[in-house]
Structures are given as structure tokens and as C-alpha cells.
Amino acid sequence: MKINTNMVEILLAKSKMSKSNPAISAGISRQNVSTILGRRTCRPETAERIAHALGVPIEQIMEEGDG
């Protein structure tokens, strides 16, 4: 699943969170979040965890045209 990294970065800034905050909330490491954002892809289950940690529906962080 492709991740819209720009949207994730915007959501992080709006909520005044660092990459480590959603990582802790999502139950995945900060390093894994950085890797995912660098690759712009992850498993759907992981994308759902990140979206949940950011308080948004998964569709909001998906790359347009994915899914």
C-alpha cells in the first residue's frame, strides 16, 4: 500500500507530534515509521495503525489511486 508521506508529515505537524509519537501509539518503532515514510509503502495493517495513531481514516494517508 502506498502512503502519502506529505499528508503524514502535515498531520504530524498539525498535531505537534514527532515521528516517534505515532510510532509508539501504533505499536511500531520510530525507525520503522521512518523507513515506511522513506519507501512510501507498507502493509495495509501497518498503514491502518499509523492512521489510527494520527486520528484519521486510512484513506487520508493513502496515496491517491492506491487501493
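## Salt bridges, starting with Arg43 and Glu45

A salt bridge here is a side-chain nitrogen of Lys or Arg within 4 Å of a carboxyl oxygen of Asp or Glu. Arg43 and Glu45 fit that description, with their side chains meeting at 3.2 Å, N to O. Arg43 counts as exposed, at 54% relative accessibility, while Glu45 comes in at 48% and counts as partly exposed. The two sit on either side of a cut-off: exposed means over 50% relative accessible area, so Arg43 passes and Glu45 does not. Keep in mind throughout that this is a predicted model.

How many salt bridges does the structure hold? There are three, and the other two are taken up further down, once the overall layout is in place.

## The fold at a glance

The protein chain has four helices and zero strands, so reading along the sequence gives the plain pattern α-α-α-α. Helix H1 covers 5–14 and helix H2 covers 20–26. After those come helix H3 at 30–39 and helix H4 at 44–54, with a further segment following H4.

How does the chain's radius of gyration sit against the value for a compact globule? With 67 residues, such a globule would come out near 11 Å, and the chain has 10 Å, which agrees. The C-alpha trace spans about 30 × 20 × 20 Å along its principal axes. As for contacts, take the ones with a sequence separation of 6 or more: 59% of them are between residues 24 or more positions apart.

## Surface and charge

Of the 67 residues, 36% count as buried. The accessible surface adds up to about 4,200 Å², and carbon and sulfur atoms own 48% of that.

On the charge side, the chain carries 9 positive and 7 negative charges. The mean position of the positive set and that of the negative set are 10 Å apart.

## Lys19 and its partner Glu9

Lys19 is worth a stop. You'll find Lys19 in the loop between helix H1 and helix H2, where its side chain meets that of Glu9 in a salt bridge of 3.8 Å, N to O. The pair links distant parts of the chain, with Glu9 in helix H1 and Lys19 in the H1–H2 loop, ten residues apart. Are these two buried or exposed? Neither label fits: Glu9 is partly exposed at 35% relative accessibility, and Lys19 is partly exposed too, at 31%.

Glu9 isn't the whole story for Lys19. Leaving out residues up to four places away in sequence, Lys19 touches Glu9, Leu12, Arg30, Val33, Ser34 and Leu37. For a sense of distance, Lys19 and Gly55 are 36 residues apart in sequence, and their C-alpha atoms are 14 Å apart in space.

## Arg40 and Glu63

The remaining salt bridge joins the side chains of Arg40 and Glu63 at 2.9 Å, N to O. This pair also links distant parts of the chain: Arg40 is in the loop between helix H3 and helix H4, Glu63 is in the segment after H4, and their positions lie 23 residues apart in the numbering. Arg40 is partly exposed, with a relative accessible area of 33%, and Glu63 is partly exposed at 23%. Since buried means under 20%, Glu63 at 23% stays out of that class.

## Three buried residues

Where does Ala23 sit? Ala23 belongs to helix H2, and at 2% relative accessibility this residue counts as buried. Setting aside its neighbours within four places in sequence, Ala23 is in contact with Ile28, Ser29, Arg30 and Val33. Arg30 and Val33 also turn up among the contacts of Lys19. The C-alpha atoms of Ala23 and Ile3, 20 residues apart along the chain, are separated by 15 Å.

Thr5 lies in helix H1 and is buried, with a relative accessible area of 10%. With residues up to four places away left out, Thr5 touches Leu37 and Arg40. Arg40 is the residue that pairs with Glu63, and Leu37 is one of the residues that Lys19 touches.

Thr46 is in helix H4 and counts as buried at 12% relative accessibility. On the same terms, its contacts are Ile28 and Ile36. Ile28 is also in contact with Ala23 of helix H2.

Methods:
Residues numbered from 1 in each chain as written. Predicted model: local features only at pLDDT ≥ 70, side-chain atom pairs only at ≥ 80, totals over all residues. Heavy atoms only, no water. Helix = DSSP H or I, 4+ residues; strand = E, 2+ residues; numbered from the N terminus. Contact = heavy atoms within 4.5 Å. Rg over C-alpha atoms; globule rule 2.2 N^0.38 Å. Buried < 20%, exposed > 50% of the residue type's maximum accessible area, 1.4 Å probe, protein only. Areas by Shrake-Rupley, 256 points an atom, 1.4 Å probe, with all protein chains shown as cover. Lys, Arg positive; Asp, Glu negative; His and termini not counted. Charge placed at Lys NZ, Arg CZ, Asp CG, Glu CD.
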